[in-house]
Amino acid sequence: MTESSGKSYIGAIDQGTTSTRFIIFDREARVVALDQREHRQITPAPGLVEHDAAEILANTRASIEAALAKAGLGAADLAAIGITNQRETTLIWERASGHPLGPALVWQDTRVAPMVARLAAEGGIDRFRAKTGLPLASYFSALKLRWLLDNIPGARARAEAGEVLFGTIDSWLAWNLTGGSGGGRHITDVTNASRTQLMALASCDWDDDLLAAFAIPRACLPRIVSSAGMLGEIKDPPLSGVPLAALLGDQQAALVGQACFSPGEAKNTYGTGSFLLMNTGETPIFSRAGLITTLAYRFGDAAPRYALEGSIAITGALVQWLRDQLGLIESAPEIEALAATVPDNGGVYIVPAFSGLYAPYWNEAARGLIIGLTRFAGRGQIARAALEATAYQIRDVVRAMAEDSGIPLRALKCDGGMAANDLLLQFQADILDLPTLRPSLTETTALGVAYAAGLAAGIWREPSEIASHWRLGRAFTPAMTARRRDALCHDWARAVARARDWVEPDSPSDR
């Protein structure tokens, strides 16, 4: 880490599944300015989810320019910037031109499910877990990359020659902003690399055996770096000359933003999906209860920190589906008011397994369902069941995390867009029988990567100084009887059982 330059601001690129933001923070971790741009969700067929990487890059540049203009700041005012990103989303591009070769395959995309099945049949779903901490699943980047190399004409041969580069979105943005085809830094940090299923947790480096198993040429891979450090210099105006000082996957960034620096501290981010991470310190814990083991962060030359994670594919995306596909609401925030028009779910449950079930079930063949419908059920019950589905999924992960770690949670820190929903957080506290804590600043993903960049730039000296900035906004305490909780969770488990294994092999409806 370096001494502070005297510059007072840190910039954070927060590149998420549905939008890109640039947020400027001051030394007190307060938001100075923010600009946000949505990008298209391209769904050409069931199970396929794509992004246009060029659109994301253009939105990133536009957000940077707009936020700086709002704040009246320029490159000379920023000590550093960091990038946090949707993690497993995968793309390849030409080194010489910088043009993407095809779409970016989003982490929710399930087109590689048949490849998952074949590899699992050869050695089991956990055949790579001892090295990577991850089960075989369409979620992670390795098979997405293999699909791109095998299905884009000429891509594999050019990747083997180093003419085509692979990256998750952090790599794509870092390469372009630090010079692109004119010498851009082709890098990724340990947290994003740990989500590819190509990095060994113990070494924090690409693993030859994994590369061979997934048929990935090393020549196309980025260099793995720490999450915080002097990683390159921005060449793109209006940030020319500003150090790039941090890269973090979005959920690890939220863990840092929530100041979860001690083993046993955990946070949940309610976004498009929901992601619950627990810091396990310098020792990785390998799950027996359906969780994954991942890198939490690595600051400079310090030892890497590890985490247990429960990843849920669809939570906020279920609200978007009710808005965009069913027209039940006109805007996402309306879901709370609609759900509040009824006292309970009326026996209705929604299992949003649109992309299969992730933690702790890992069932690729699951599909979404709405069950318990009667003539009594209406818009309010559907809205309430959608919010409750998020809380039930989080409860399943919390129970698995306690089983794996041996550390029962005392409280759950929450952030993300849905954390603004009081009805959801109260039900979350009720169904967990634990306090649910919302910080005063819920921009924890961007804040976390700003903290990491600030550590590298000398704005903050150590993690304990960061922790002093955490402030409670509101605590939600349990108010549900044990009998009621048990009854609801029993019916939720029955609904999940019916959603599992819906897709049969070679099902025409899922092609």
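**Buried loops, cavities and cis prolines**

Setting aside neighbours within four places in sequence, Gln258 touches Lys267, Lys413, Cys414, Asp415, Pro439, Thr444 and Trp470. This is a predicted model, so everything below describes computed geometry. Gln258 sits in the loop that runs between helix H9 (250-257) and strand E15 (266-270). With a relative accessible area of 0%, Gln258 is buried.

The next residue along tells a related story. Ala259 belongs to the loop between H9 and E15, and its phi is positive, about 55°, even though Ala259 is not a glycine. Ala259 also counts as buried, at 8% relative accessibility. Another non-glycine residue with a positive phi is Gln197, at about 75°. Gln197 is placed in the loop between helix H7 (190-193) and strand E10 (199-200). At 2% relative accessibility, Gln197 is buried as well.

On to the cysteines. The structure has zero disulfides. Cys220 is in no disulfide, and the nearest cysteine sulfur, which belongs to Cys204, is 20 Å away. Cys220 is nonetheless buried, with a relative accessible area of 1%. Cys260 is likewise in no disulfide; here the nearest cysteine sulfur is that of Cys414, 11 Å away. Cys260 is buried too, its relative accessible area being 1%. Cys414 has already come up, as one of the residues in contact with Gln258.

What about empty space inside the model? Rolling a probe the size of a water molecule over the atoms shows where such space is left. Searching the whole structure turns up two cavities of 30 Å³ or more. The largest cavity has a volume of about 90 Å³. Its lining is made up of 14 residues, and those nearest the centre of the largest cavity are Ile312, Leu357, Tyr358, Ala359 and Gln393. Helix H12 (379-405) and helix H16 (482-499) each give at least two residues to the lining of the largest cavity. Sorted by class, that lining comes to 11 nonpolar, two polar and one charged residues.

The second largest cavity has a volume of about 50 Å³. Around the second largest cavity are Arg61, Ile64, Leu177, Ile234, Asp236, Pro237, Pro238 and Leu239. The class split for this lining is six nonpolar, no polar and two charged residues.

Both cavities lead on to cis peptide bonds. Pro237 and Pro238, which help line the second largest cavity, are joined by a cis peptide bond with omega near 10°. Pro238 lies in the loop between strand E13 (228-233) and strand E14 (243-249). Ala359, among the residues nearest the centre of the largest cavity, is joined to Pro360 by a cis peptide bond, with omega about -5°. Pro360 is found in the loop between strand E19 (349-351) and strand E20 (369-371).

Ile312, also among the residues nearest the centre of the largest cavity, brings strand E18 (residues 305-312) into view. E18 pairs with E17 in the antiparallel sense, over five bridges. Tyr297 stands opposite Arg305 of E18. Strand E17 (residues 292-297) is mostly covered, six of its six residues being buried.

Elsewhere, helix H4 (residues 141-151) has a set of buried residues: Ser141, Ala142, Leu143, Lys144, Leu145, Leu148 and Leu149. In an α-helix there are 3.6 residues a turn, so residues three or four places apart point the same way. Against what do the buried residues of H4 pack? Three of the partners are helices and three are strands: helix H2 (113-123), helix H5 (155-160) and helix H8 (208-214), along with strand E6 (91-94), strand E7 (104-105) and strand E8 (164-167).

Helix H2, one of the elements that the buried residues of H4 pack against, holds Gly123. Gly123 is partly exposed, with a relative accessible area of 41%. Gly123 and Met401 are 278 residues apart in sequence, and their C-alpha atoms are 26 Å apart in space.

Definitions and conventions. Residues are numbered from 1 along each chain as its sequence is written. This is a predicted model: local features need pLDDT of at least 70, side-chain atom pairs count only at pLDDT 80 or more; totals for chains, interfaces and linings use all residues. Side-chain values use heavy atoms; hydrogens and water are left out. On a 1 Å grid over the protein atoms alone, a cavity is a set of points where a 1.4 Å probe fits but cannot get out, and a pocket is an open set with protein on both sides within 12 Å along at least five of seven lines; lining residues have an atom within 4 Å of a point. Grid points are joined across faces, edges and corners, and a volume is the space filled by probe spheres set on the points. Helices (H or I, at least four residues) and strands (E, at least two) are DSSP runs, numbered from the N terminus. Ala, Val, Leu, Ile, Met, Phe, Trp, Tyr, Cys and Pro count as nonpolar, Asp, Glu, Lys and Arg as charged, and the others, Gly among them, as polar. Buried means under 20% relative accessible area, exposed over 50%, partly exposed in between (1.4 Å probe, protein chains only). Contact means heavy atoms within 4.5 Å. A disulfide is a pair of cysteine sulfur atoms within 2.5 Å. Two strands pair if DSSP finds at least two bridges between them.
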